[in-house]
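Student: I am new to this structure and would be grateful for a close look at a single part of it. Could you please explain how two of its helices pack against each other?

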Amino acid sequence: MRNVEPHELGALPKNLQEWTSGFIELPGTKSVLSSSAFDRTGCFVAEDKGSIVGCVAVTNLPRKNWLIIRYLAAKRASSRVYAVEKLLSRALQYVETKKPEFLRATTPSMQPYVDVYRSFAFKPIRRDFRITWDLTGTLESPNRQVEIKEVTEKTAPEVAKVLVESIRPYWDWRTEEQGGEEAVAQKFQEGFKKGERWLSGSLGKEVVGLTGLIPDYYKAGDARFRGTFVVPEYRGRGYGRIMMSQASSWAKKLGQHKMTVYTFSYLECLSPGALLYIKSGGKIESEYLQLQRA
């Protein structure tokens with residue numbers, strides 16, 4: 001077990017994808033490993049006969065002194081459980097030196113990783129899904145109820161306030177991890193510089209819902225869906241379905257044939273967002289767990 005070397009970081013995303021059969025995806029992993037959240041001193045690899053065969057990383061959450069353990073994976077992990085355990089143990093030793101206020105972990109819902117986390121007193125608290133849509137057969141649905149507009153950088157500051165409101169209370173845990181509502185609003189505005197595009201749906205002057213995506217995020221025609229959100233007082237009236245229909249049609253107009261979203265759900269049942277996505281034709285492609293130490 002040792003720290004990853006700078007020249008080895010470029011190969012890690014592909015290794016992680018292969019070791020987890022695609023559960024860990026390339027663009028998001030590359031983004032994390034090149035971000036300010038990543039510190040190489042918190043990333044450890046297992047080496048066997050000169051080759052890297054395992055990995056784990058402790059990275060920073062946006063909120064100060066909050067940490068997350070991620071990328072616990074190994075080549076042929078079922079025959080290298082000892083290596084997986086040693087990697088997690090080494091990550092936790094590093095965590096102790098940081099004395100964090102908060103720590104959680106995330107892992108694909110696959111063995112041996114779930115059992116290894118459990119053996120270190122971690123308990124699942126939420127599920128995450130990767131949900132995809134095949135847009136090749138998407139048809140535009142008529143919409144006579146909601147006025148749809150594309151959000152611009154000029155209107156983004158005001159719309160950001162609506163987003164903050166529309167993620168309550170289901171995403172309160174993530175708002176806290178992001179550093180609060182102002183940080184969430186700021187990140188929304190910064191997303192436009194990174195290729196994010198959003199639609200707002202309004203009744204008169206009131207914005208009732210939002211939906212967004214990043215075209216060509218994974219590859220040409222393969223979008224990263226940013227989700228659909230409805231302001232609390234307008235939920236249960238069908239606006240979520242309208243915004244989802246608009247999102248699919250819009251994505252297709254932008255030349256996208258597929259879109260993918262990562263969304264959380266409860267352990268015992270589907271969250272409203274996940275249920276909306278599945279009802280709108282999304283298919284669960286992969287499942288993950290968020291965990292905390294008991």
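Tutor: Axes here are lines fitted to C-alpha atoms, for helices over the stretch in contact, and the angles between their N-to-C directions run from 0 to 180 degrees. The model is a predicted one. Two packed helices are described by the angle between their axes and the distance between the axes. For helix 5 (residues 156-166) and helix 7 (residues 181-191), the axes come within 9 Å, and the crossing angle is roughly 130 degrees. Angles over 145 degrees count as roughly antiparallel and those of 65 to 115 degrees as roughly perpendicular, with the rest above 35 degrees being oblique; helix 5 and helix 7 are therefore oblique to each other. The crossing of helix 5 with helix 7 is right-handed.

Helix 5 contributes Ala156, Pro157, Val159, Ala160, Leu163 and Val164 to the contact, while helix 7 supplies Glu181, Val184, Ala185, Phe188 and Gln189. Sorted by class, the residues in this contact are nine nonpolar, one polar and one charged.

The wider setting of this contact involves the nonpolar cores. In soluble globular proteins, nonpolar side chains tend to be buried together. The largest nonpolar core has 42 residues, and those with the most contacts inside it are Leu12, Ile69, Leu72, Tyr117 and Phe122. Helix 3 (residues 81-98) provides the largest share of this core, seven residues. A second, separate core has 27 residues, among them Val159, Ala185, Val207 and Val208. Val159 of helix 5 and Ala185 of helix 7 thus appear both in the helix contact and in this second core.

Notes. Residues numbered from 1 in each chain as written. Predicted model: local features only at pLDDT ≥ 70, side-chain atom pairs only at ≥ 80, totals over all residues. Heavy atoms only, no water. Helix = DSSP H or I, 4+ residues; strand = E, 2+ residues; numbered from the N terminus. Left-handed = near helix turned anticlockwise from the far one by under 90°. Contact = heavy atoms within 4.5 Å. Nonpolar A, V, L, I, M, F, W, Y, C, P; charged D, E, K, R; others polar. Core = buried A, V, L, I, M, F, W, Y, C linked by side-chain atoms within 4.5 Å. Buried < 20%, exposed > 50% of the residue type's maximum accessible area, 1.4 Å probe, protein only.
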